[in-house]
Amino acid sequence: MSLACVLSRACLGLASPVVRVEVHLSCGLPGLTLVGLPETGVRESKDRVRSALLNSGFSFPQQRITINLAPADLPKEGGRFDLPIALGILAASGQLPEQALAGHVCLGELALSGAVQGVTGTLSASLACRDQAQTLIAPAENRDEALLPSGARVVSAETLAGLVAQLRTGKVALASPGVARPAEEVAPAQAHPDLAQVRGQLLARRALEVAAAGGHSLLLSGPPGAGKTLLASCLPGLLPALLPEQQLEVAAIHSLSGQVRPLHTLPPWRAPHHRSSAAALIGGGSGLPRPGEISLAHHGVLFLDELPEFHRDVLECLREPLECGVIRLARARHRVSYPARFQLVAAMNPCPCGLAGQAGACRCTPEQQARYRQRLSAPLMDRIDLRIAVPPLPLSTLTVSSEAPEPSARVRERVQRARDLQLARDGRLNADHDGQALLHALDKAGRDWLSRAGEQHGLSARACHRVLRVARTLADLAEATSIRRQDLSEAMMFRNAG
Ligand SMILES: [Zn+2]
């Protein structure tokens with residue numbers, strides 16, 4: 001056999017399409033040609049494959065070798081095709097029966113020694129293989145990740161020689177997860193601060209509950225030391241546990257960025273630094289775009305502390321994902337989209353020195369204050385439903401032993417009930433609700449009230465729709481069937497309190 005075909009899988013967002021690695025040996029000057037528009041990384045694989053084959057005790061055919069990676073238009077980045085190329089050369093040169101590879105898909109980078117090294121995105125490949133009843137040959141380093149989807153058939157490869165020895169016998173050993181590993185149950189209290197630790201701050205506690213219940217974005221504004229970060233980091237603990245398919249999706253995104261996240265029920269929490277690059281925050285990088293923080297926060301919380309300090313261009317990129325829960329990244333030849341349905345919590349000082357609002361303490365000029373606020377564009381601010389001021393706590397709150405604050409677990413029960421109501425009624429959370437439909441559902445008195453209040457505060461129609469979404473969440477928390485006047489006025493207060 002001088003022609004062999006081995007299956008592999010590429011990374012395209014969360015998808016993992018099949019790539020056929022075709023190897024043809026023919027007469028002519030010995031040499032190796034790769035076709036199928038491979039990226040530079042794949043070109044380098046020629047040398048790795050050759051060394052790995054020789055160092056594993058195989059012979060390298062002294063013929064003309066043509067390798068085609070098909071289809072041509074898929075991104076083919078990194079060393080993930082080393083292993084299929086090496087197996088293809090072995091099959092084409094008769095050193096491995098080709099039928100030994102039937103029904104298998106393989107991935108893996110080769111070290112010069114022949115050791116199989118880990119690659120990114122193994123989880124997506126494993127999900128795709130499971131759905132098409134294929135067995136995945138994956139690097140031993142990625143074994144745990146490959147085994148996350150239940151029912152996945154995985155062969156764990158440590159070295160090229162070891163793998164080929166197994167394949168030759170026709171009996172490959174499937175990796176087993178060992179002890180049954182149910183989705184790791186992590187009590188939210190262990191991972192995130194609990195609201196029981198937050199004394200006072202009644203408005204902020206209420207805002208967190210509303211944000212969690214309706215999926216709304218939240219901005220906390222207050223001087224340093226007021227507890228904004230503590231409040232924000234309580235939010236993941238108020239969200240419902242991730243469902244099994246959400247856990248897999250979150251783990252698959254992490255796998256694409258080269259991080260391993262075991263399956264567990266806790267929503268992700270990401271808090272990138274304000275000096276993060278656009279690529280780190282939004283996604284990108286050289287070659288095939290990688291998911292950024294906003295995608296790593298999918299189904300969870302993205303916390304941006306010191307919001308005005310973030311690069312304005314980076315913040316503007318948040319608008320699309322905040323609106324539609326997806327980020328589309330384009331590089332020279334490839335377009336990739338990643339899910340990014342995160343909940344945004346941002347924090348900021350009220351002015352550059354942080355002390356505005358405290359009697360006589362702020363030394364900023366009105367111009368400095370205005371410039372500081374202008375760093376946040378109106379369209380971005382428009383997408384933040386809840387804005388509140390977090391004042392410094394009077395010392396008495398800390399010392400006087402008052403009633404113990406309500407713990408996160410109790411708040412989470414109300415959040416869950418309010419979310420169940422929304423999902424049963426509309427199939428989505430209020431933050432994603434159609435504002436126009438909510439407006440039609442309002443009675444005439446309610447509509448009049450809203451248009452008057454909107455005018456008074458100079459709100460756009462989009463902003464009024466956002467007020468309605470928050471009002472719907474407030475009604476759901478109270479288990480009220482329709483939006484009441486008190487919900488409207490509380491929602492309006494949340495829009496203007498920051
Ligand atoms: Zn100031």
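**Contacts, zinc site and cores in a predicted model**

User: Leaving aside neighbours within four places in sequence, which residues is S45 in contact with?
Analyst: In this predicted model, S45 is in contact with L34, D82 and I85, once neighbours within four places in sequence are set aside.

User: And where is S45 placed, in which helix?
Analyst: S45 belongs to helix α1, which covers residues 40-55.

User: Is S45 buried or exposed?
Analyst: S45 has a relative accessible area of 1%, so S45 is buried.

User: Switching to the zinc ion: which are its protein donors?
Analyst: The SG atoms of C351, C353, C362 and C364 serve as donors, lying 2.2 to 2.4 Å from the zinc ion. The site is tetrahedral, with angles of 106 to 113 degrees among the four donor atoms.

User: How are the donor residues spaced in sequence?
Analyst: The spacing is C-x1-C-x8-C-x1-C. C353 and C364 are eleven residues apart, both in the loop between β17 (343-348) and α14 (366-374).

User: What about C364, buried or exposed?
Analyst: C364 is buried, at a relative accessible area of 14%, whereas C353 is partly exposed, at 31%.

User: Now the largest nonpolar core. Which residues touch the most other members?
Analyst: They are L208, L218, L220, V345, I388, L450 and L488, in a core of 47 residues. Helix α20 (residues 461-477) gives the most to this core, eight residues.

User: What does L220 touch, not counting residues up to four places away in sequence?
Analyst: L220 touches K228, L231, A232, V345, A346, A347, M348, I388 and V390. Another core, of 40 residues, lies apart from the largest one and includes V49, L83, L101 and V116.

Note on methods. Residues are numbered from 1 along each chain as its sequence is written. This is a predicted model: local features need pLDDT of at least 70, side-chain atom pairs count only at pLDDT 80 or more; totals for chains, interfaces and linings use all residues. Side-chain values use heavy atoms; hydrogens and water are left out. Helices (H or I, at least four residues) and strands (E, at least two) are DSSP runs, numbered from the N terminus. Buried means under 20% relative accessible area, exposed over 50%, partly exposed in between (1.4 Å probe, protein chains only). Contact means heavy atoms within 4.5 Å. Donors are N, O and S atoms within 2.8 Å of the metal (3.2 Å for Na, K and Ca); water is not among the atoms, so sites may look incomplete. Four donors count as tetrahedral if all angles lie between 85 and 135 degrees; four count as square planar and six as octahedral if opposite donors are over 155 degrees apart and all others between 65 and 115; anything else is irregular. A nonpolar core is a set of buried Ala, Val, Leu, Ile, Met, Phe, Trp, Tyr and Cys residues joined through side-chain atoms within 4.5 Å.
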